[in-house]
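Okay everyone, thanks for coming. Let me put the structure up and walk you through the sheet and the holes inside it.

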Amino acid sequence: MTDNDTGHRPLTLLGLGEMGTALARTWLAAGHPLTVWNRSPAKARALAAEGAAVAAGAAEAVAANTLIVLCLLDDASIATVLDGVDLTGKDLVNLTTGTPAEGRARAAWAEERGARFVDAGIMATPSMIGVPEAGGYVFYSGSRALFDTHRSTLEVPAGARYVGEDPGHAALHDVALLSAMYGMFAGISQAYALIEGEDIAPKDLAPLLSEWLGSMGFFVGNAAERLTSRDFTTGVVSNLAMQVAGSGTLRRTAAGQGVGTELIDPYLNLMRERLDADPAAHAGEDTVGAITLLRRGPGR
């Protein structure tokens, strides 16, 4: 049975922070019967006027429906909130931010209690929830049967992207994309810091930054291909030796502008480390080879 067979499937939502409240309002607006609970009752009562059923406690909220969505503070909160609650036959969808290890452990915890489980990683801000044109979506991983059963309900607040049976993979995809985002933010911040105090308006640099970063988007696919093939030398346009030599200009310019380089040093240092390890072997490589140094433990 799928959502399409049952119309507007009822569900329970535990946790009404900014994200939880945005999710609740979107499901209510779409006509889904919704039971809510929050540690601070005032947030739950505010949704009652919009049609939500407010449970007196977590156990009552869980008992109300089969589909239970968790949007709590952290992984530890799940165990606290659901301590002693009967989860037999329930479908738990965990939208609480966590790590891959926490997702896997929570899946085993749910199975021991007779529940199906999927973990999730939300690639959206609260303001993007319920706004399809904003482009937000959610990664899901874990029980494929659970995901297939509830997919159309889960897609109401934001797009749903299933990334595998491993419960840790939703969080892993989430953090991988966020890590790339923060790296990009670091570079953009460095660029703006360099022009501070100069006769260059940030608004004039902005379109140049956008255009340049867009043209550098090829690195995403290039890195994927090279990490798969382990061929870091074929078709290299600007090799590692050139990149390392050129990095000195970035540092000297920053010093001349009175700007620190702590935002870009980690990547520049990683390239230098790769080159210094074996100059003869790595000088002609693409910079992608430096990625292999980040895995510091077994299997590096």
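Quick ground rule: helices (H or I, at least four residues) and strands (E, at least two) are DSSP runs, numbered from the N terminus, and two strands pair if DSSP finds at least two bridges between them. This is a predicted model, so to speak of local features we need pLDDT of at least 70, side-chain atom pairs count only at pLDDT 80 or more, and totals for chains, interfaces and linings use all residues. Residues are numbered from 1 along each chain as its sequence is written, and side-chain values use heavy atoms, with hydrogens and water left out.

So, the sheet. There are 8 strands in an open, mixed sheet, ordered S3-S2-S1-S4-S5-S6-S7-S8. S3 (53–54) and S8 (159–162) sit at the edges with a single partner strand each, so one side of each has no neighbour in the sheet. At the S3 end, S2 (residues 34–37) pairs with S3 in the parallel sense over 2 bridges, and Val-36 stands opposite Val-54.

Now the holes. A cavity is a set of points on a 1 Å grid over the protein atoms alone where a 1.4 Å probe fits but cannot get out; lining residues have an atom within 4 Å of a point. Points are joined across faces, edges and corners, and volume is the space filled by probe spheres set on them. We get 3 cavities of 30 Å³ or more, the largest about 40 Å³.

Who lines that largest one? Among them are Leu-95, Gly-121 and Asp-174. S6 gives the most, with 3 residues, and H8 (169–195) supplies at least two.

Technical notes: On a 1 Å grid over the protein atoms alone, a cavity is a set of points where a 1.4 Å probe fits but cannot get out, and a pocket is an open set with protein on both sides within 12 Å along at least five of seven lines; lining residues have an atom within 4 Å of a point.
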